[in-house]
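Me: Please take a close look at one residue of the chain shown here and describe its setting with some care. After that, I would like you to carry the same careful reading into the other parts of the chain.

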Amino acid sequence: MRLINLDGRLHLVKDGGVVDIATASEQRFGPDPQDVYAQWDAFREWARTATLPAPSERAGKIGSPAPLPRQVFAVGLNYDEHAAESGFTRPDHPVVFTKFVSSITGPDETVTLPPGSVDWEVEMVVVLGRGGRNIPVEHAWDYVAGVSVGQDLSERERQQAGPAPQFSLAKSHAGFSPIGPELVTPDELPDRDDLELGAEINGETVQHGRTSQLIFPVPVLIADLSTTVELYPGDVIFTGTPSGVGIGRTPPRFLSPGDELRSYITGVGEFTLRFEAASVGEAVAAGATARR
């Protein structure tokens, strides 16, 4: 099953078109894409057995398939080569931080670059369909609603400023957590633990890897997180990025106005972000905020 958020309404992707979920279910499931995760098991059963209307044309602005999760988790240094290029050894436990919800957008966006050095990080994003505590690793995939393509955009100067890293704020500017275009359930994938992912800037490959290279794969992340916090349906996990980020290059390379960043996961989807400079007023305001 593949789901997509079009103009803020949840749709099922079918036969090259889309079916509006709220209309097809006679309002049993509402139009808000985030709401479906609280009823995920019932929704999956309905989608499996329902007689659906003919699909309509796929049109509208694509939003995140999980636009307003209760919690957003992100995992750093989860590929060996990325840990090495970042100057760290292989971690013994998942390195976890958060990206604030206000940074989540859909994939069809032009991102305004804040002052500083903005880097790219293509990632597989997991959205949960079930929650709980102390989830057994062997059953953790059963808690996943689906996966999508994400970018963990990062402003490196703020991230590295001060006496301690500022991961969460530096990674939560407007538009810094795009997810999309579709949510794909794990049963749609030939091997949910081995997906090709990568990123290109203006047609040049800058990242390429496979999720089978994750140091802590999806079931381990879910099990580990759930030993500390309660997970909720609709929560989002950015699972980590492969090597090739800008700060790991010699010399470092960062995104510039006019760049186009394509991110993809084979069999899941792809999207392209565009980048623009901040207006003079925005840049002055951002600079004043940074100096406080």
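Reply: In this predicted model, Ser-226 is buried, because its relative accessible area is 0% and a residue counts as buried under 20%. Ser-226 belongs to helix α6, which covers residues 218–226. When its neighbours within four places in sequence are left aside, the residues in contact with Ser-226 are Gly-132, Arg-133, Asn-134, Ile-135 and Leu-231.

A second buried helix residue can be read in the same way. Gln-159 sits in helix α4, residues 156–160, and its relative accessibility of 8% places it among the buried residues. The side chain of Gln-159 is joined to that of Arg-156 by a polar contact of 2.9 Å. Beyond the residues up to four places away in sequence, Gln-159 touches Ser-154, Pro-165, Gln-166, Phe-167, Ala-170 and Lys-171.

From these helices I turn to a sheet. Five strands make up an open sheet of mixed pairing, in the order β8-β18-β17-β14-β15. Its edges are β8 (110–113) and β15 (204–210), and since each of these has a single partner strand, one side of each is left without a neighbour in the sheet. On average, and with direction ignored, neighbouring strands of this sheet are turned by 20° against each other.

Going through the sheet from the β15 edge, β15 pairs with β14 (residues 196–201) in the antiparallel sense over six bridges, and within that pairing Gln-207 of β15 stands opposite Ala-199. Strand β14 is also joined to β17 (residues 260–265) by five bridges, again with the two running antiparallel, and here Gly-198 faces Tyr-264 of β17 as its opposite residue. Strand β17 in turn is joined by six bridges to β18 (residues 269–277), which runs antiparallel to it; one of the pairs puts Glu-260 together with its bridge partner Arg-274 in β18. These last two strands, β17 and β18, form a hairpin with three residues between them, and Gly-267 in the turn has a positive phi of about 85°.

There is another hairpin towards the start of the numbering, made by β2 and β3 with two residues between them. Four bridges join these two strands, which run antiparallel, and Val-13 has Val-18 in β3 as its bridge partner. In a regular strand the side chains alternate between the two faces of the sheet. Both faces of β3 are covered, for Gly-17 and Val-19 on one side and Val-18 and Asp-20 on the other are all buried.

The turn of this hairpin holds Asp-15, which has a positive phi of about 50° and lies in the loop between β2 (9–14) and β3 (17–20). Asp-15 counts as exposed, because its relative accessible area is 67% and the limit for that class is over 50%. The side chain of Asp-15 makes a polar contact of 3.1 Å with the side chain of Lys-14. Between the C-alpha atoms of Asp-15 and Leu-214, which are 199 residues apart along the chain, the separation is 33 Å.

A loop residue with the opposite exposure is Pro-33, found between α1 (21–24) and α2 (40–49); Pro-33 counts as buried, because its relative accessibility is 2%. The C-alpha atoms of Pro-33 and Ile-21 are 9.4 Å apart in space, with their positions 12 residues apart in sequence numbering. Not counting residues up to four places away in sequence, Pro-33 touches Asn-5, Gly-8, Arg-9, Leu-10, Pro-65 and Pro-67.

The wider frame for these details is the domain assignment, which divides the protein chain into domain 1 (2–60) and domain 2 (72–290). The C-alpha centres of the two domains lie 26 Å apart, and 11 residues of domain 1 are in contact with 16 residues of domain 2. Between them the two domains bury about 1100 Å², with 45% of that area on carbon and sulfur atoms. Of the area that domain 1 buries against domain 2, Arg-2, Tyr-37 and Trp-40 supply 57%, which is more than any other three residues.

Definitions and conventions: Residues are numbered from 1 along each chain as its sequence is written. This is a predicted model: local features need pLDDT of at least 70, side-chain atom pairs count only at pLDDT 80 or more; totals for chains, interfaces and linings use all residues. Side-chain values use heavy atoms; hydrogens and water are left out. Buried means under 20% relative accessible area, exposed over 50%, partly exposed in between (1.4 Å probe, protein chains only). A polar contact is a pair of N or O atoms within 3.5 Å; within protein, one must be able to donate a hydrogen and the other to accept it, and residues adjacent in sequence count only if both atoms are side-chain atoms. Two strands pair if DSSP finds at least two bridges between them. Axes are lines fitted to C-alpha atoms, for helices over the stretch in contact, and angles run from 0 to 180 degrees between N-to-C directions. Domain bounds come from an automatic or database domain assignment. Contact means heavy atoms within 4.5 Å. Buried area is the accessible area (1.4 Å probe) that two parts lose on being put together, summed over both.
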